Amino acid sequence: MSTPYPFTALVGQDDLRLALLLNAVSPAVGGVLVRGEKGTAKSTAVRALSVLLPDVDVIPGCRFSCDPAAPDPACPDGPHEPGGGTARAARVVELPVGASEDRLVGALDIERALAEGVKAFEPGLLAAAHRGILYVDEVNLLGDHLVDVLLDAAAMGASYVEREGVSVRHAARFLLVGTMNPEEGELRPQLLDRFGLTVEVAASRETDERVEVVRRRLAYDADPGGFAARWAPQEDALRERIAAARRLLPEVRLGDAALRQIAATCAAFEVDGMRADIVMARTATVLAAWAGRTVVLAEDVRQAALLALPHRRRRNPFDAPGLDEDKLDETLERERGEEEDGDGGGDGPDDDPDPGGGPDGGGAPQDGPDQAPADGAPADPPTGSPAAGEPAPDSPASAPSGERPAARAAEPFKARTLTVPGLGEGAAGRRSRARTAHGRTTGARRPQGPLGKLHLAATVQAAAPYQRARGRSGPGLVVRRDDLRQAVREGREGNLVLFLVDASGSMAARQRMSAVKGAVLSLLLDAYQRRDKVGLITFRGTGAELALPPTSSVDTGAARLETLPTGGRTPLAAGLLKAHEVLRVERLRDASRRPLLIVVTDGRATGGPEPVALAARAGRLLGAAGVASVVVDCESGPVRLGLAGALATELGGIAVTLEELRADTVSALVKDVRRAA
């Protein structure tokens, strides 16, 4: 077994280390969501934490890690008699992005259940993670149904498996750690809220700190055992501090003053529901225990807010997570002023509430001469969070000659539903019809590989004619492998929605471009809600540009759209050919994800010889490739040339006006994109 990197040898990442340590003291905090770029020690920190956790006593032979002192009465391997356990190290179980639901929750042997009436259950990753750590890398790329199952188990402390009337339940209590790169897509707000704490991580920009990271990593790679031995005293000290905080936690008092500060903070930041208040209360209590105190102070409430609230403040997918620290301080100060005549369950903040070694921001002892530990609340915002009042990078003064500065997008609206025709087999989503693992049952077929969702009626129908020949003598049904039938289900898939936006001079009227950006923003919001990938191509001047390669991060698309300048000629053909090339490459990467091309233009084409004819040929090329297309006609004024409609004909798609994109318009009934026959 390889030697994990020591937790105390990590350089920087104070917020990440503190959040992990607080959950190690009390998993009731609710887990950690780590947002940030790759290569920032996220996985290393999680694996290193497992070494600091105390060993767990388990019943020998129990696949569900039951505690011998209090065995689970519903354990599938039970019943167990108390006592007689053995100790083992806490596990770190990793959930891969491509895992199936059966791999996560476990699988029932339906064939044995039908033929023998036996609940033959193969435990999944939730069972393996019980009483340990469940680490989910790229949690934002997991299917929604898997994330729902995962967070339900984390909240209830148990996992339920239901298959065709056969039910199995087992305990599943674990420390949940999820990581994500926001550029690859966001989690839904409902799922974000289920994580207790969140931290932003980024690589340090300080030269000395980066040098120390490389120096320690090279030393570890050269001699893992020797490196770990040098850090063993710090590891032992931190392990003892976790144990001491666990022992002290039941004695910590959360006074009325601290509770009022928590409630006032959540109200001031307008978070939804009451989960934020509860998580803040638990986190502040653990922070006090971590500092060796039995009273929660205002500084604990402040630190708890910085960890528990940023991801709960997003009102829509285009809002960046973060917390205004000035507003936080004003709220806490105002509440302290109202309570200063009473003791409020605490003594209020002072310069050194914990001279015996309170939380140092990172929580991990560091004795290296080349790394200064954090010393309390940082003066700057947490790493990766946007600074308050930071100017936008789209100043008119920076626009090149001949360009107009970017127009601000109009207010987004609920967009009509645009779908790709036919029946796909892409990733689960909410846009177009597709064969999926979840949805309504439309038929049955023989399983190809392991059995998925059983079609019970079809299986019984297939087995029934052979019961006498198979010697059936009792009430049980004699079922063979060849009798099994798998359900064919139809649901919805996510698509690749590629926006091709005309940013030429003909679109440059500020009111017009504002309306166009509002429409595209509305479609981006719709794509987010329907779990689509999105891409953005713009064309103007002499060519086309891939402003946003296909991604699941629609908020990145919104940011690129906001700063989009306009001006110059209208190279429509170049834009269409660029779209054809992007879709060709994406089809090689993911052939099952069907594309939907949305062209936002007035249909004009200028620049070069025969621009209109070239655009028509490029449109026919996309139509021949089977790309479902919609042309959003931005032409305005009393005289209209109908060029966008002609382009839609060449593409084999449909044309809609900006007004017809609204879902509340009478003419905007749900309508499939039609391709030429």
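V213, V214 and L218 form a nonpolar surface patch of about 260 Å². Such a patch joins nonpolar side chains (Val, Leu, Ile, Met, Phe, Trp, Tyr) within 5 Å, taken from residues with over 30% relative accessible area and no salt bridge. Accessible areas follow the Shrake-Rupley method with a 1.4 Å probe, and for residues only the protein chains shown count as cover. The model is predicted: local features need pLDDT of at least 70, side-chain atom pairs count only at pLDDT 80 or more, and totals for chains, interfaces and linings use all residues. Residues are numbered from 1 along each chain as its sequence is written, and side-chain values use heavy atoms, with hydrogens and water left out.

Within the patch, V214 belongs to helix α8 (residues 207–222); helices are DSSP runs (H or I, at least four residues) numbered from the N terminus. V214 is partly exposed, at a relative accessible area of 47%, where buried means under 20%, exposed over 50% and partly exposed in between.

**Nonpolar cores**

A nonpolar core is a set of buried Ala, Val, Leu, Ile, Met, Phe, Trp, Tyr and Cys residues joined through side-chain atoms within 4.5 Å. The largest one has 63 residues, and F7, L49, W290 and L309 have the most contacts inside it. Helix α12 (residues 275–290) supplies the largest share of this core, 10 residues. Apart from neighbours within four places in sequence, L309 is in contact (heavy atoms within 4.5 Å) with T265, C266, F269, V271, A276, M280 and L323. A second, separate core of 37 residues includes F499, V501, I598 and V630.

**Salt bridges**

The whole structure contains 38 salt bridges, each defined as a side-chain nitrogen of Lys or Arg within 4 Å of a carboxyl oxygen of Asp or Glu. Three of them are listed below.

| Pair | Closest N to O distance |
|---|---|
| R293 and D300 | 2.8 Å |
| R302 and E325 | 2.8 Å |
| R530 and D526 | 2.9 Å |

In the pair of D300 and R293, D300 is buried at 2% relative accessible area, and R293 is likewise buried at 9%.

R302 and E325 form a salt bridge. R302 lies in helix α13 (residues 298–308) and E325 in helix α14 (residues 325–339), so the pair ties together parts that are 23 residues apart in sequence. Both R302 and E325 are buried.

R530 and D526 are also joined by a salt bridge. R530 is buried, with a relative accessible area of 16%, and D526 is buried at 4%. Salt bridges with shared partners join R431, D526, R530 and D532 into one network.

Notes
Patch = residues over 30% accessible without salt bridge, like charges linked within 9 Å, V, L, I, M, F, W, Y side chains within 5 Å. Helix = DSSP H or I, 4+ residues; strand = E, 2+ residues; numbered from the N terminus. Buried < 20%, exposed > 50% of the residue type's maximum accessible area, 1.4 Å probe, protein only.
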